[in-house]
Amino acid sequence: MRAPVTRRALTAAAAAALLALSACGGSSGSGTAASPSAGTGRAGVTGNLTVFAAASLTESFTRIGKDFEAANPGTKVTFNFAGSSALATQINQGAPADVFASASPTNMKTVTDAGNGDGTPTTFVKNQLVIAVPKGNPKHVAGLADLTRAGVKVAECAARVPCGAAATRALAAAGVKLTPVTLEQDVKSALSKVKLGEVDAALVYRTDARASASDVDGIEFPESAGAVNSYPIVVLKNSANQTAARAFAAYVLSAKGMSVLTAAGFQAP
Amino acid sequence: MSGVTLKSRRTGAGRAPVGLLLPAAAGLAFLVLPLLGLVIRAPWGSLPRRLTAPGVLTALRLSLETATLATVACVALGVPLAWLLARVEFPGRRVVRALVTVPLVLPPVVGGVALLLVFGRRGLLGAWLDSTFGITLPFTTTAVVVAESFVAMPFLVIAVEGALRGADTRYEEAAATLGAGRWTTFRRVTLPLVAPGVAAGAVLCWARALGEFGATITFAGNYPGSTQTMPLAVYLSLEQGELDAAIVLSLILLTVSVTILASLRDRWIATP
């Protein structure tokens, strides 16, 4: 009958040990997280930079990142491309990022309202929607109304993602009631469903259709003019490398950055 | 004193070494703390309102239905497969067993891409299905069941094969000497013998199907009511900044899983 007592004692000991362990874990974790920031407080543009950018900026920001690294030896830019709403959530949950470039002011506001932006965001480009269809437009899609035809499968972005919000506005402006087959978490996954041939059309940005011009055609439609998205960029308050972050944002807004963006199909703000 | 020594030798009790106890406690905490965090952080005040939000019950029902259908499909196909692996000698059996377990180690999202390439509208089989029968799988509830079955079936096959290997083959041999054919033997002797193993496998399979995410979102897409299961709803709520909604959905999924596990565990899954 002594065994249970022993076991209970052991349980208590284990619990105590556990508390001690978890406490250790907590402090050592935050210690390592803080150490890199201490090493990068030098003047001059150098070091690692993490940029969270809307999925639609994938091609142009990758290009700009390379140019920026070449112009500032010693810098290394890492990107996290995803739906702006997902990025905003990640930043507000404490993801280590230096710069945020959103595909809409709404998702930017989520970040600045939480006090995570450093200064006021600057709008750097505008973008609008097209209908991406497989090369050759096999279903003869000419406008939004064609998307509601029987046998036409459409991929749309989820409502909180900027491309989804823009699509909702454009469809409302056109008075078209569309039931997509899937609501994707960012514009690139909507586009990939067209490339795979799983859907007949997707509402994506002009820039995305242009970046995949070998696989898809972009069909312009008039209602997209009423659903133009502005892209704001901001340096983040918790950036461990403020100097480089500011330099990167300035580079995006510079003539060099803008030429890359406009070549990709973005419009100047 | 000698009594204690005897007892401790028999039960393996006595003083548990600290070198094992500490990592064990850390392991337990690692598994339990995140779940505790979910419970602590839950928006209890707005819970009733959130539970009855329109999308929640739709996603829950879809999840339960697809996981159950996937389990039925896995049992129908997986039990014979397990029997084949356990009872029939054939060349390449080890290769087949390895192939069966591939979805276990495969990242589910890779499974989803693979499913698209085979069952997609332009896939190896999908193109034929589309042109011959006008059937396309992606973005349908069937696609969710297919994705869930793909990732969950290995759990069932492994559990049933293990049960078959552990079962006493003398009963089957006796049935055979009494004139029963292999099919009758399987039906009347083998299956009842390994029923607990099948049940345990089915529970594991169901739980895995219920939690399926990567293959589903890749192959079946995401649309409320037809393909948006609970894990997808959790992920998308979180992505879209609706943290509280994500927590509530997670809590529901946690409750369902734990309830099913607890109610079936004592009945079917043998515990020491």
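This is a short tutorial dialogue on reading a predicted model with chains A and B.

Me: Where should I begin, and how many helices and strands are there in chain A?

Reply: A sensible start is to list the elements of each chain before turning to how they are arranged. In this predicted model, chain A has 9 helices and 10 strands, while chain B has 13 helices and 0 strands, so written from the N terminus on, the elements of chain B run α-α-α-α-α-α-α-α-α-α-α-α-α. The C-alpha trace of chain B spans about 65 × 60 × 30 Å along its principal axes.

Me: What share of the residues in each chain is buried?

Reply: Burial is judged by counting neighbours, since a residue is called buried if 20 or more other C-beta atoms lie within 10 Å of its own. On that basis, buried residues make up 47% of the 269 residues in chain A and 36% of the 272 residues in chain B. A further view comes from contacts between residues at least 6 apart in sequence: in chain A, 78% of these join residues at least 24 apart, and in chain B the share is 74%.

Me: How do I read a sheet, and what is the strand order of the open sheet in chain A?

Reply: One reads a sheet by following its strands from one edge to the other and noting how neighbours pair. The open sheet of 5 strands in chain A has the order 2-1-3-10-4, with mixed pairing. Its edge strands, which each pair on one side only, are strand 2 (75–82) and strand 4 (117–127) of chain A, and the twist from one strand to the next averages 20°. Within chain A, strand 1 (residues 47–54) and strand 3 (residues 99–101) run parallel and are joined by 3 bridges; in one of the pairs, Ala53(A) has Ala101(A) in strand 3 as its bridge partner. Helix 4 (residues 105–113) of chain A lies across strand 3, strand 4 and strand 10 (229–236), running at about 25° to strand 10 of chain A.

Me: At what angle do helix 9 and helix 10 of chain B pack?

Reply: For a pair of helices, one looks at the angle, the distance between axes and the residues that meet. Helix 9 (residues 169–177) and helix 10 (residues 182–210) of chain B pack at an angle of about 165°, with their axes 10 Å apart, and they are therefore roughly antiparallel to each other. Helix 9 of chain B passes helix 10 of chain B in a right-handed crossing. In this contact Tyr171(B), Glu172(B), Ala175(B) and Ala176(B) of helix 9 meet Thr185(B), Val189(B), Thr190(B) and Leu193(B) of helix 10, and the residues divide into 5 nonpolar, 2 polar and 1 charged.

Me: Is Phe139(B), which has a positive phi, buried or exposed?

Reply: With such a residue, one checks both its place and its surroundings. Phi of Phe139(B) is near 70°, and the residue sits in the loop between helix 7 (126–133) and helix 8 (141–166) of chain B; Phe139(B) is buried, with 24 other C-beta atoms within 10 Å. In chain A, Asn137(A) has phi near 50°, also a positive value in a residue other than glycine, and lies in the loop between strand 5 (129–134) and strand 6 (154–157). Asn137(A) is partly exposed, with 16 other C-beta atoms within 10 Å.

Me: How many residues of chain A are in contact with chain B?

Reply: The contact joins 24 residues of chain A with 21 residues of chain B. The largest share of the chain A side, 7 residues, comes from helix 1 of chain A, and the residues of that side divide into 12 nonpolar, 8 polar and 4 charged.

Terms used:
Residues numbered from 1 in each chain as written. Chains lettered and ligands numbered in written order. Predicted model: local features only at pLDDT ≥ 70, side-chain atom pairs only at ≥ 80, totals over all residues. Contact = placed C-beta atoms within 7 Å. Helix = DSSP H or I, 4+ residues; strand = E, 2+ residues; numbered from the N terminus. Nonpolar A, V, L, I, M, F, W, Y, C, P; charged D, E, K, R; others polar. Axes fitted to C-alpha atoms, helices over the stretch in contact; angles between N-to-C directions. Parallel < 35°, antiparallel > 145°, perpendicular 65-115°, else oblique. Left-handed = near helix turned anticlockwise from the far one by under 90°. Pairing = 2+ DSSP bridges. Buried ≥ 20, exposed ≤ 12 C-beta atoms within 10 Å, placed from the backbone.
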